[in-house]
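This report describes selected aromatic contacts and the strand arrangement of one structure. Please consult the sequence and the model alongside the text.

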Amino acid sequence: MDTFISLWQFVIGTLIVCNLTLVCCEFSPKDVVYAVNCGGDYFKDSHGINYQSDESSSGIASDFGKQFLVFGRVSQSDSVLYQTEKYDSDTFGYDVPLDGDGDYVLVLKFSEVYFNSPGAKVFGVLLNDRHRVISDLDIYEKVGKAVAHEEYIPFSVQNGKMNFNGESSTVYDSFRLDFLKGELDNPKINAFYLYKGDIKDVPRLPPLSSAVKSEQFNEEQEEEDEPIVPRDKILSGPKAEDPYINDETSLVLPVLVAIGCAVPITLCLWKLG
């Protein structure tokens, strides 16, 4: 009975949260100014955002991620956005159009599909040749492998100025979005879109579940090259006490064995004598 009540409370709570989300979120795909499926073809996601095919000559297109049919934190259909990417051995980027003055949110989509550990690919993102909006992004460290990750970058445009985090720079009808080459491998991007509106209205990825974290941890453990220690030689916990340390029979037994061996020998020697 208690289990049934708890389950019912969970269902009611979930419905309330969903209703509040629908009421609070005013996101409209019509307010998306620009969207690109980097390295891929046209795609319309579950939020109604139309991502155009990548026609930019900057960067190198790759579909290496197609080996993964489903990515963590997104539906199978939206996984398409994380199967292709643009990367380069140097800094590369896009020219992104604006739609007049107002508040904007740049949403960058990433997934790690090649490396199996953190610290292998680290890079930054620069906005309008001035604003370092992301420093030292390590996708694997954030979410692991084959898991969707997003970065949300709010900024505003007013009277020919782009404003971000207290800094401003001159901007016209478009701005430059650059992915900066670092010391650890190459920069990359899977998809992105520019939304004109408030950041609170932008759809977010669900939290990284413990199940995904556990799966990533298990994969890391399997891929380690350390030698496997036999089960009977694994040391775990405090040393066990000797079960015979206080057993007096452990002292009596050798004495009895010695006497048993000495008697026949003595008899044999007596007969020979």
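Tyr 34 and Phe 192 are both buried, that is, under 20% relative accessible area with a 1.4 Å probe and protein chains only. The model is predicted: local features need pLDDT of at least 70, side-chain atom pairs count only at pLDDT 80 or more, and totals for chains, interfaces and linings use all residues. Residues are numbered from 1 along each chain as its sequence is written, and side-chain values use heavy atoms, leaving out hydrogens and water.

Across the whole structure, a search finds 13 aromatic pairs (ring centres of Phe, Tyr or the six-membered ring of Trp within 6.5 Å). One of them joins Tyr 34 and Phe 192, with 6.1 Å centre to centre and 50° between the planes; this counts as tilted, since planes under 30 degrees apart are stacked and those over 60 edge-to-face. The two residues are 158 residues apart, so the pair links distant parts of the chain. Their strands (DSSP runs of E, at least two residues, numbered from the N terminus) are listed below with the other strands whose residues are given.

| Strand | Residues |
|---|---|
| Strand 1 | 32–37 |
| Strand 2 | 43–44 |
| Strand 11 | 161–164 |
| Strand 12 | 167–170 |
| Strand 15 | 191–196 |

An open sheet of 8 strands runs in the order 2-3-1-15-7-10-11-12 with mixed pairing, where pairing requires at least two DSSP bridges between two strands. Strand 2 and strand 12 are the edge strands, each pairing on one side only. Strand 11 pairs with strand 12 in the antiparallel sense over 4 bridges, and Met 162 stands opposite Ser 169 in strand 12.

Phe 27, Tyr 51, Tyr 193 and Tyr 195 form one aromatic cluster.

Conventions. Buried means under 20% relative accessible area, exposed over 50%, partly exposed in between (1.4 Å probe, protein chains only).
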